[in-house]
Each structure stands twice: as C-alpha cells, then as structure tokens.
Amino acid sequence: MKVNILYEDNSVIVCIKDAGIPVQSDLTGDLDLLTMLINHYKNKGVEDPFVGLIHRLDRPVGGLVVFGKTPRAVNHLSKQLQKRTIRKTYLAVVEGHPQDQTLKHYLKKKFKGNVSSVVESDVAKAKEAILHIKHISSTVIDEKKHSLVSIRLETGRHHQIRVQLSHIGCPIWGDTKYNPTFSDKKGWFNMALFAHEITFINPENNRHMTFKTPATAYPFDQFK
C-alpha cells in the first residue's frame, strides 16, 4: 500500500487515510498509517525518520490526517488541538433528513466494547461534546431516506460524531456500532464518514493552512 501525501514541508505532513487502515498500530497487528509513513521516508533514504502522531481517525473512517515531522511541531499542533483551534470538517451519509443544527451532549466512554454513550452532565467522567451539522442533499438508499451532511467538530471525543448522530436518530450508513441497521451484520463495511477538511496553524511559519479533499476522494458515489 502507498501513502497518499497531500502536502508536506519541514514541519508537517498532511495525508489522506483510506478507510480500514488504522492510524497507529493496534491489537490486530495490521499495517498502520504511521508505520507506512515511516517506511516511506526510509525508502527515500531518510535515516531514522521522525513522524509524530497528532490526532486519530477511527479505523473505518477515511480522510485527512496531520502528522508532525519534528517534536516541536508535534508539541505546537497538540496545543492547537487542546485549545480547539484546529478546525475539522467531516462529510457523512446518515439515515433521515437532519436539520442544520448544533448538537451538545455529554459522552462517556465504555471500555467494554469500545463504545461511548450520551449521558447526563453530572455523570462521573462525562465529557462535553459539541458539533455543528449542515444538510447538503438527500436521496433514497435501500428504500430509506438518507442525507449527505457536513459536520464541523468543536470537540474531539471518542466516537463523537457517530454517537451524537445516532442519538438524534440519524445514524451513519455502515456503522456497525451505532447504527441498528448494521449492528447485526457480519463483515466489513466502508462506513460513510470522511474527514473532508482541516485547518491549522503551521508550526514553522505561523500561517493558517486549510486542506480540503476533492469530491472524487470521498467514497459516497450516490452523492457525487
């Protein structure tokens, strides 16, 4: 497998992750994006290349991922993430026809089953989750109305988009954890969630940079 690098300089790497590939190594032992990048630079003759993890995408999710090329860049980008100045926008195909809206919930991660759920704000270890939904278009898939939506994250919680959309009755197509239509099905599904756009400050020159994938990159044929 080849890495799809969209942009790189002395500080950052922006690449497009294919759905099904883990961002970093996991218990499966399958080849992950971080290792692919390190091998990519080794093959180019870079001795002991540094590639630092900034954020993650769930394994079934494809789209834009940013890595740091120096410890300083990783620290700079990580602080941006903590301060919520890195802006991330996703595209998703969901059941139903959600209105343009802001979702605010509290989520709690359950380590058993690796899932999260919406809980009351006073529940121990609950974390606030905020995202913004914009409806783009709708069509019928398998005799059900589905919509293409744009989602802008304010917070980055475990499975946040998947949990919140499911909670309002608009689960993501292909999501075997949070969509009842797929929860009993076996096998792999290319979940219809894609990290479409990202904006951050370049650690090297303090410039705001925005990267967006072309429509041909996201795998939702019904909406292209």
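**Exercise 1. Aromatic pairs**

How many aromatic pairs does the count come to by the ring-pairing rule? Classify the pairs of Trp 173 with Phe 182 and of Phe 200 with Phe 211, and state how their residues are placed.

*Solution.* The model is predicted, so that local features need pLDDT of at least 70 and side-chain atom pairs count only at pLDDT 80 or more, whereas totals for chains, interfaces and linings use all residues. Residues are numbered from 1 along each chain as its sequence is written, and side-chain values use heavy atoms, with hydrogens and water left out.

Step 1. The rule is that rings of Phe, Tyr and Trp (for Trp, its six-membered ring) pair if their centres lie within 6.5 Å, and that planes under 30 degrees apart count as stacked, over 60 as edge-to-face and the rest as tilted. By this rule the count comes to three aromatic pairs.

Step 2. The rings of Trp 173 and Phe 182 have centres 5.0 Å apart and planes at 70°, and the pair is therefore edge-to-face. With the classes defined by relative accessible area (buried under 20%, exposed over 50%, partly exposed in between, for a 1.4 Å probe and protein chains only), Trp 173 is partly exposed at 24%, whereas Phe 182 counts as buried at 3%.

Step 3. For Phe 200 and Phe 211 the ring centres are 5.9 Å apart and the planes stand at 25°, so this pair is stacked. The pair links distant parts of the chain, since Phe 200 belongs to strand β10 (residues 193-201) and Phe 211 to strand β11 (residues 208-212), eleven residues apart. Both Phe 200 and Phe 211 are buried, and together with Tyr 7 they form one aromatic cluster.

**Exercise 2. The strands around β6**

Which strands pair with β6, and over how many bridges?

*Solution.* Step 1. Helices (H or I, at least four residues) and strands (E, at least two) are DSSP runs numbered from the N terminus, and two strands pair if DSSP finds at least two bridges between them.

Step 2. Strand β6 (residues 101-110) runs antiparallel to strand β8 (residues 127-141), and seven bridges join them; Leu 107 has Lys 127 of β8 as its bridge partner.

Step 3. With strand β7 (residues 115-119), β6 pairs in the antiparallel sense over five bridges, and here the bridge partner of Lys 108 is Ser 117. The hairpin of β6 and β7 has four residues between the strands, and in it Gly 113 takes a positive phi near 90°.

**Exercise 3. Two pockets**

Describe the volume and the lining of the largest and the second largest pocket.

*Solution.* Step 1. On a 1 Å grid over the protein atoms alone, a pocket is an open set of points with protein on both sides within 12 Å along at least five of seven lines, and lining residues have an atom within 4 Å of a point. Grid points are joined across faces, edges and corners, and a volume is the space filled by probe spheres set on the points.

Step 2. The largest pocket holds about 1000 Å³ of space and is lined by 35 residues, with Arg 56, Leu 57, Asp 58, Arg 59 and His 159 nearest its centre. The largest share of this lining, three residues, comes from α3.

Step 3. In the second largest pocket lies about 280 Å³ of space, and its lining includes Leu 107, Lys 108 and Lys 127. Strand β6 gives the most to this lining, with three residues.

Step 4. Counting Ala, Val, Leu, Ile, Met, Phe, Trp, Tyr, Cys and Pro as nonpolar, Asp, Glu, Lys and Arg as charged, and the others, Gly among them, as polar, the lining of the largest pocket divides into 14 nonpolar, eleven polar and ten charged residues, and that of the second largest pocket into two nonpolar, three polar and five charged.

**Exercise 4. Selected residues**

Is His 55 buried or exposed? Place it in the chain, and then treat Asp 48 and Arg 84 in the same way.

*Solution.* Step 1. His 55 sits in the loop between β3 (52-53) and β4 (62-68) and is buried, with a relative accessible area of 6%. Its side chain reaches the backbone nitrogen of Val 66 at 3.0 Å.

Step 2. Asp 48, in the loop between α1 (33-43) and β3, has a positive phi near 50° although it is a residue other than glycine, and it is exposed at 69%.

Step 3. Arg 84 lies in the loop between α2 (71-82) and β5; its phi is near 65°, again positive in a residue other than glycine, and Arg 84 is partly exposed at 43%.

Definitions and conventions:
1 Å grid on protein atoms, 1.4 Å probe; cavity = no way out; pocket = protein on both sides within 12 Å on 5 of 7 lines; lining within 4 Å. Polar contact = N/O pair within 3.5 Å; in protein donor to acceptor, adjacent residues only side chain to side chain.
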